[in-house]
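User: Please take a close look at one part of this model, the paired strands, and then place that part in the wider chain.

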Amino acid sequence: MGIIKTKNLIYEYIRRDDEGNVEDIVKAVDDVSINIHAGEFIAILGHNGSGKSTLAKHMNAILNPTEGTIWVDGKDTSNEENIWDIRQAAGMVFQNPDNQIIGQVVEEDVGFGPENMGIPTKQIWERVEESLKAVGMYKYCKFSPNKLSGGQKQRVSIAGVLAMHPKCIILDEPTAMLDPNGRKDVIRAVRALNDVEKVTVILITHYMEETIYADRVFVMDNGKVAMEGTPKEIFSQVERLKELRLDVPQVTLLAHELSRQGLNLPAGILTTAELVEAMQKQGYLRA
Ligand code: ADP
Ligand code: MG
C-alpha cells in the first residue's frame with residue numbers, strides 16, 4: 001500500500017436551512033481512488049472548485065469521507081485512534097502564510113510543532129536548524145516573521161511542518177498569494193524536500209508550470225480525477241486541458257499551435273528553453 005491511498009472516496013458538503021432540513025448537497029470529491037507511493041512528488045491540478053482542497057483535507061484527517069476510505073501511512077483516517085499518527089505522518093501547508101505563522105521569531109515558530117510533540121529541547125533546536133536550512137531560511141532564524149516577504153513566510157511555514165519530520169507534506173496552493181519570485185523560491189524549496197529529504201510531496205496548484213518536476217500529475221474536475229500521468233503525458237493534451245479549464249502555459253500553447261501549423265515539434269513542451277532546443281534541432285532556428 002502507498003503512503004496515501006484512497007478507495008472510492010466520496011465527500012459531500014451538506015447545507016441545511018434554519019430548521020435543519022437539507023437544502024443542498026455538493027459532492028466535492030466523487031469516487032476518487034488513488035495510490036501515492038512513499039517518495040513520490042505528486043502534483044494535483046484543477047480549476048477552482050474542482051475538489052482539490054477537499055481531497056487534501058482528507059489527507060491529514062481534517063475531513064472524514066462521506067463514503068469510501070483513505071489510508072495515510074497505512075492507517076484509516078476515519079478511525080479516531082489514528083489521528084495523532086496521521087497528523088504526524090502527513091503535514092499540511094496552506095495558501096495564506098499569515099494564518100500559519102504564530103511565533104514572534106522565525107526559529108520559535110518552526111519549533112512549535114516539535115515542541116507540541118514532546119521532543120526534547122536539544123533536538124528541537126537541531127530540527128529547527130535543519131528545517132530552516134532545507135528551505136533556505138536559516139539566515140533569518142532570529143527575524144520577526146512580519147519582516148519577511150510572502151514567499152519567505154511560506155518557506156518558514158514549510159520548515160515548521162518539516163520540523164515535525166513528516167513522511168509526507170501536502171501543500172494546498174502554497175504559491176497562490178505570492179509574487180513570481182516568491183513562487184519560484186517556494187517551488188525550489190519543495191523540490192529540495194522531495195529530492196534531498198526524500199519527503200513525499202503532494203503539491204496542489206493551478207499553475208501548470210509548477211508541476212513540471214512532479215513524478216505524476218493528477219488533474220481534478222468536478223470532484224473526479226479526470227487525468228493522470230507524467231507531466232509530459234498530461235501537457236501534451238492541450239485541447240483536453242483547455243476543456244478542463246486549466247491555464248496552459250503560453251509556451252506550451254505556442255508550441256502546440258506551431259505543431260498544428262505543420263512544424264515538427266514534440267508534444268508537451270513546457271519551457272522556453274525546451275522550445276528553443278526543439279526548434280534548433282529541427283533547423284527552424286539557428287543555434
Ligand atoms: P478547489 O480546492 O479545487 O477549489 P474545493 O475542494 O474547495 O475545490 O471545493 C469543491 C466543491 O465543494 C466546490 O463546489 C465548493 O463550492 C464546495 N465547497 C468547498 N468547501 C465547502 C464548504 N465548506 N461548504 C459547502 N461547499 C463547499
Ligand atoms: Mg482549494
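Analyst: This is a predicted model. Start with the strand pairing. Strand S1 covers residues 4–16, and strand S5 covers residues 67–72. The two run antiparallel and are joined by five bridges. One position to find on screen is Lys 5, which stands opposite Trp 71 in S5.

S5 also pairs with strand S6, residues 75–76. That pairing is antiparallel too, with two bridges. Trp 71 appears here again: its bridge partner in S6 is Asp 76. So much for the partners; now the turn. Two residues sit between the strands in the hairpin of S5 and S6. Asp 73 in that hairpin takes a positive phi near 50°.

As background, side chains in a regular strand alternate between the two faces of the sheet.

Go back to S1 for one more residue. Ile 14 is found in this strand. How exposed is Ile 14? Its relative accessible area is 43%, which makes Ile 14 partly exposed. The class in between runs from the buried limit, under 20%, to the exposed limit, over 50%. For a sense of distance, compare Ile 14 with Arg 87. They are 73 residues apart in sequence, and their C-alpha atoms are 25 Å apart in space.

Next, the ligand. Which residues surround ligand 1? The shell includes Tyr 13, Val 26, Ala 28 and His 47. It also takes in Asn 48, Gly 49, Ser 50, Gly 51, Lys 52, Ser 53 and Thr 54. By type, three of the shell residues are nonpolar, seven are polar and one is charged.

Several polar atom pairs can be picked out. A nitrogen atom of ligand 1 lies 3.5 Å from an N or O atom in the Tyr 13 side chain. Gly 49 uses its backbone: a polar atom there is 2.7 Å from an oxygen atom of the ligand. Ser 50 also offers a backbone N or O atom, 3.2 Å from a ligand oxygen. Taken alone, ligand 1 exposes 550 Å², and the protein buries 60% of that. Two elements give two or more residues to the shell: strand S2 (22–32) and helix H1 (52–58). H1 supplies the largest share, three residues.

Now step back to the whole chain. It holds 10 helices and 11 strands. Its radius of gyration is 21 Å, close to the 19 Å that the globule rule gives for 287 residues, so the chain is as compact as a globular protein of that length. The C-alpha trace spans about 60 × 55 × 40 Å along its principal axes. Buried residues make up 48% of the 287.

Two loop residues deserve a look for their backbone angles. Lys 198 is not a glycine, yet its phi is positive, at about 65°. It sits in the loop between helix H6 (180–195) and strand S9 (200–204). Is Lys 198 buried or exposed? Lys 198 counts as exposed, because its relative accessibility is 60% and the cut-off is over 50%.

Asn 222 also has a positive phi without being a glycine, here about 55°. Its loop links strand S10 (216–221) and strand S11 (224–229). Asn 222 has 59% relative accessibility, so this residue counts as exposed.

Technical notes:
Residues are numbered from 1 along each chain as its sequence is written. Chains are lettered from A and ligands numbered from 1 in the order in which they are written. This is a predicted model: local features need pLDDT of at least 70, side-chain atom pairs count only at pLDDT 80 or more; totals for chains, interfaces and linings use all residues. Side-chain values use heavy atoms; hydrogens and water are left out. A residue is near a molecule or strand if one of its heavy atoms lies within 4 Å of it. A polar contact is a pair of N or O atoms within 3.5 Å; within protein, one must be able to donate a hydrogen and the other to accept it, and residues adjacent in sequence count only if both atoms are side-chain atoms. Accessible areas come from the Shrake-Rupley method with a 1.4 Å probe; for residues, only the protein chains shown count as cover. Helices (H or I, at least four residues) and strands (E, at least two) are DSSP runs, numbered from the N terminus. Ala, Val, Leu, Ile, Met, Phe, Trp, Tyr, Cys and Pro count as nonpolar, Asp, Glu, Lys and Arg as charged, and the others, Gly among them, as polar. Two strands pair if DSSP finds at least two bridges between them. The radius of gyration is taken over C-alpha atoms; the globule rule is 2.2 Å times the number of residues to the power 0.38. Buried means under 20% relative accessible area, exposed over 50%, partly exposed in between (1.4 Å probe, protein chains only).
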